[in-house]
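User: Please take a close look at one part of this structure, the final stretch of the chain. What is packed inside there, and what faces out?

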Amino acid sequence: IIKAFMSRWGLLQNLSSSYIMYDVKDERVVFPIRDERGALVDAIGRSLTGKQPKWLRYSGRADYYVHHTLSKKKKAIIVEDVVSALVVYDTIPDTDGVAILGTSLNHAHKDFLCKYDTVVVALDPDAKKKTIAYTKEIRNFVPDVVAFNLTDDIKYRRVTDIEGLKRILI
């Protein structure tokens, strides 16, 4: 069941097993949330059976998810969920996908985003007003911030969305 979920989103080929776990009791694919040094700080699990809540935060200590790699990146795309952040990691070179784990922007997000030179806010289409509001707010912390209207959730990998984001970041 976990392989089917990962395959559905095209995530199997680029993730090591240390970045994916399984919650047997709740039947959730679990994404450990690690800090920049690789230390485990939290985890978020996605229900595979329709159980509510769809996304479950295990400790609530982490405010965002980034699939950390050894290379320091100067560009980030803000998305809502972990799968979307991993799609950014997979499809847009030299760019971090930063999942804010919902649609609320808080102080910890802004502090973390300060390390980037360029940030694109690309929330799901149903959050257009928040996309614009967050873009304005983040401009106080980051030199180059752009709002991008997705045609669909980024996890669906629509060519127009992926190519549009790549053009903005060139």
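Analyst: Start with charge. The chain carries 27 positive and 22 negative side chains. The centres of these two sets lie 1 Å apart. Note that the model is predicted.

Now the setting. There are 5 helices and 9 strands in the chain. In sequence order the pattern reads α-β-β-β-β-β-β-α-β-α-β-α-β-α. The radius of gyration is 15 Å, close to the 15 Å that the globule rule gives for 170 residues, so the chain is as compact as a globular protein of that length. The C-alpha trace spans about 45 × 30 × 30 Å along its principal axes. Of the 170 residues, 48% count as buried. About 8,700 Å² is exposed, and carbon and sulfur atoms supply 53% of that area. Take the contacts between residues at least 6 apart in sequence: 52% of them join residues at least 24 apart.

Next, the part you asked about. Helix 5 covers residues 159-169. Its buried residues are Asp161, Ile162, Gly164, Leu165 and Leu169. They sit on the same side of helix 5, because their arc around the axis is only 165°. Val159, Thr160 and Arg167 are exposed on the other side of helix 5. What does the buried side of helix 5 pack against? The partners are strand 6, helix 2, strand 7 (95-99) and strand 8.

Helix 4 comes before it, at residues 128-138. Here Thr131, Tyr134, Thr135 and Ile138 are buried. Their arc around the axis is only 105°, which puts these four residues on the same side of helix 4. Lys129 and Lys136 are exposed on the other side. The buried residues of helix 4 pack against strand 6 (75-79), helix 3 (107-113), strand 8 (118-121) and strand 9 (144-147). Strand 6 and strand 8 are thus on the list for helix 4, and they appear on the list for helix 5.

Helix 2, one of the partners of helix 5, runs over residues 82-91 and contains aspartate 90. Is aspartate 90 buried, exposed or partly exposed? It is partly exposed, because its relative accessible area is 25% and the buried class stops under 20%. Aspartate 90 is 66 residues from tyrosine 156 in sequence. In space, the two C-alpha atoms are 12 Å apart.

A second aspartate makes a useful contrast. Aspartate 26 is in the loop between strand 1 (21-23) and strand 2 (28-34). It counts as buried, because its relative accessibility is 12%. Leaving aside residues up to four places away in sequence, aspartate 26 touches Lys51 and Leu56. Threonine 49 is 23 residues from aspartate 26 in sequence, with 8.8 Å between their C-alpha atoms.

Back to your question. What is packed inside helix 5 is one side, with Leu165 and Leu169 among the buried residues. What faces out includes Arg167, on the other side. In helix 4, Tyr134 is one of the buried residues, whereas Lys136 is exposed.

Note on methods
Residues are numbered from 1 along each chain as its sequence is written. This is a predicted model: local features need pLDDT of at least 70, side-chain atom pairs count only at pLDDT 80 or more; totals for chains, interfaces and linings use all residues. Side-chain values use heavy atoms; hydrogens and water are left out. Buried means under 20% relative accessible area, exposed over 50%, partly exposed in between (1.4 Å probe, protein chains only). Helices (H or I, at least four residues) and strands (E, at least two) are DSSP runs, numbered from the N terminus. The arc is that of the directions from the helix axis to the C-beta atoms. Contact means heavy atoms within 4.5 Å. The radius of gyration is taken over C-alpha atoms; the globule rule is 2.2 Å times the number of residues to the power 0.38. Accessible areas come from the Shrake-Rupley method with a 1.4 Å probe; for residues, only the protein chains shown count as cover. Lys and Arg count as positive and Asp and Glu as negative; His and the chain ends are not counted. The place of a charge is taken as NZ of Lys, CZ of Arg, CG of Asp or CD of Glu.
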